[in-house]
Structure formats: structure tokens, C-alpha cells
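This report concerns helix packing and the main pocket of one protein chain. The sequence and the structure are shown first.

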Amino acid sequence: MAPTAPLAVLALVALVAPGLGVAPGCDYPAHRWCSSRDVAVACQVESRCPSLPRPAAAPVELSLYYESLCPACRQFLVVELFSTWLLLPDEMLNITLVPYGNAQERNVSGKLNFQCQHGPEECLGNMIEACLMHEAKNFSTYFPVIFCLESGSSVTQNLEAHPHVPCARQCLQIYAPELDSGRIAACVQGDTGVALMHHNAQLTEALDPPHQYVPWITVNGKHTDELQAQAEASLLGLVCHLYQGEKPEACGGSKAPKILSGCRR
């Protein structure tokens, strides 16, 4: 006796009848139409194959343009961004950090010089974090260290990366002991740190629309007043709303505390 066709396939055949109204490019027998997404698409029966796995959704892309000593930047990074990153799976959210903010870049006698809104210490903090990202490469390695720096009483005194920083290794020891603090210090004191800050200056100046304050947030490459307000009120809620894939349990979330006023140029 010939094998009996599964009921799901028989139902599918009935649905695309009469005349087996399948796409002309479908060269597959009926019992294979739901065997994979590619086959279902070729036969134009994708909507009738509920057992197919969902295609992978693109992550939400978030970029934060900030400066290391801006109170509102620090609060957003610590309260909203870090907690959201911890709660969501990696494939749901991609974060880019650009420490520069309202700084000014000047060419003095052939050498680049930076002036920052909150003074030289902020320029040092920006460069420490840029060098940390450069040396660590992996976001999951350097973001907890930056969280530690920004959540402490002094951004620049929690990482041994400069001869004038007295509190040695605290954040590195806790969150990324495998990183070489000497390499980060060399970056801060040398040409690499200057080049990284120049790159961040270019990224910041290229924003469209131009940034008017920090923190300045772009979502999927765009900045609007509405997106900024939503991100500041509940970044978790915004990312969960925008993500097109299957939502994790964390996407039930509650609103976070109101963010502080930003640091205007």
C-alpha cells in the first residue's frame, strides 16, 4: 500500500487548488512545499506553512553620542542603556558608543587639540573610553567597564590609563581583568588616542540633523525628537516595540526614571 500523505499536506493541496495554483517556478512535489522557507517562497505557499521557523529579525541599531562627564549622559548610559543591554539577547540590540559630544577639535601648529564642555578631565575621560573600546574590540568586554567608569564618583579615577590617574585598575580588575591597562595608557598618551578622538569628532559632526545636545541618540540611523524622548523615557520599551522578531520575557518592562536634562552645546 502506498504511504498516506500527511493531513497537513492534503489540506495544503486543497487550499491551492483548483488547478494547483502554485507559482510557475515551483518544481517541488506537494509533500516538500513546507520543508523549508526557500521552497515555500518558490511555490508561493509561505503563508500556508505555519510550522516554518521565522526568518531572523534585524537587531535594533542604537548609537549614543555622549561625553564622559555630562550628568545626563551618565544617567542614560547607566540607568537606561546598560540595564536594557543586560535584559535583552545580543541579537536584538546593537549599540555604538561615540564619546565626544560637544567637544571642539582644533589644529594647533599641525597637532590636533581637543577642548571639552566640562574641561580637560572630560577630554581625558572621552579618550580613556575610546582607547578602551579600541583595545577591547568586543562590546561585551568593554561596555561593563564603561558602565563602571560612568557609574563611579569619578570617571577618570577608576581606570589606570594615565599617569595622573591615582586609583589603579579598579574597573578593569572587576569587569575585564584580561585587558592590559598599559596598552590603554599608551593609547591615551600617544597618537592612537588622538586619532580615535578625531574619528569620533568626524562621526559627531556628520550627524544629520546636527546634534544640539547630549546625550544624542540615533535609532536605526535616525534621530527625531520623538525617538529621543521615547528612548529617554523607556529604552527597553522602545527597543521591544521596534524589534520585529520574537520578543523575550523582558519586553513586558516598566518605565525607567525620568532622565536629566541634556548638556547643550
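The text below treats three helix pairs and then the largest pocket. The model is predicted.

**Helix pairs**

| Helix pair | Axis separation | Crossing angle |
|---|---|---|
| H4 (residues 120-136) and H7 (residues 181-189) | within 9 Å | roughly 130° |
| H4 and H5 (residues 139-151) | within 9 Å | roughly 160° |
| H3 (residues 71-87) and H9 (residues 225-242) | 8 Å | about 20° |

Helix H4 takes part in two of these pairs, with H7 and with H5. With an angle of roughly 130° between their axes, H4 and H7 are therefore oblique to each other. The crossing of H4 past H7 is right-handed. On the H4 side, the contact is formed by Leu124, Met127, Ile128, Cys131, Leu132 and Glu135, while H7 supplies Arg183, Ile184, Cys187 and Val188. Eight of the residues in this contact are nonpolar and two are charged, with no polar residue present.

For H4 and H5, the angle exceeds the limit in use, since values over 145 degrees count as roughly antiparallel; the two helices are therefore roughly antiparallel to each other. H4 also passes H5 in a right-handed crossing. Here H4 contributes Ile128, Glu129, Leu132, Met133 and Ala136, which meet Thr141, Tyr142, Val145, Ile146, Leu149 and Glu150 of H5. The classes in this contact are eight nonpolar, one polar and two charged residues. Ile128 and Leu132 of H4 thus appear in the contact with H5 and also in the contact with H7.

The pair H3 and H9 has another arrangement: at about 20°, these helices are therefore roughly parallel to each other. Their crossing is left-handed. Phe76, Glu80, Leu81, Thr84 and Leu87 of H3 are in contact with Ala231, Glu232, Ala233, Ser234, Leu235 and Leu236 of H9. Seven nonpolar, two polar and two charged residues make up this contact.

**The largest pocket**

The largest pocket holds about 190 Å³ of space. Its lining consists of Lys111, Leu112, Phe114, Met127, Val188, Gln189, Gly190, Asp191 and Val194. Strand S4 (111-115), H7 and helix H8 (191-205) are the elements that each give two or more residues to this lining. Which element gives the most to the lining? That element is S4, with three residues. By class, the lining comprises five nonpolar, two polar and two charged residues.

Two lining residues, Met127 and Val188, link the pocket to the helix packing described above, as Met127 of H4 and Val188 of H7 also belong to the contact between those helices.

Note on methods:
Residues numbered from 1 in each chain as written. Predicted model: local features only at pLDDT ≥ 70, side-chain atom pairs only at ≥ 80, totals over all residues. Heavy atoms only, no water. Axes fitted to C-alpha atoms, helices over the stretch in contact; angles between N-to-C directions. Helix = DSSP H or I, 4+ residues; strand = E, 2+ residues; numbered from the N terminus. Parallel < 35°, antiparallel > 145°, perpendicular 65-115°, else oblique. Left-handed = near helix turned anticlockwise from the far one by under 90°. Contact = heavy atoms within 4.5 Å. Nonpolar A, V, L, I, M, F, W, Y, C, P; charged D, E, K, R; others polar. 1 Å grid on protein atoms, 1.4 Å probe; cavity = no way out; pocket = protein on both sides within 12 Å on 5 of 7 lines; lining within 4 Å. Points joined across faces, edges and corners; volume = space filled by probe spheres on them.
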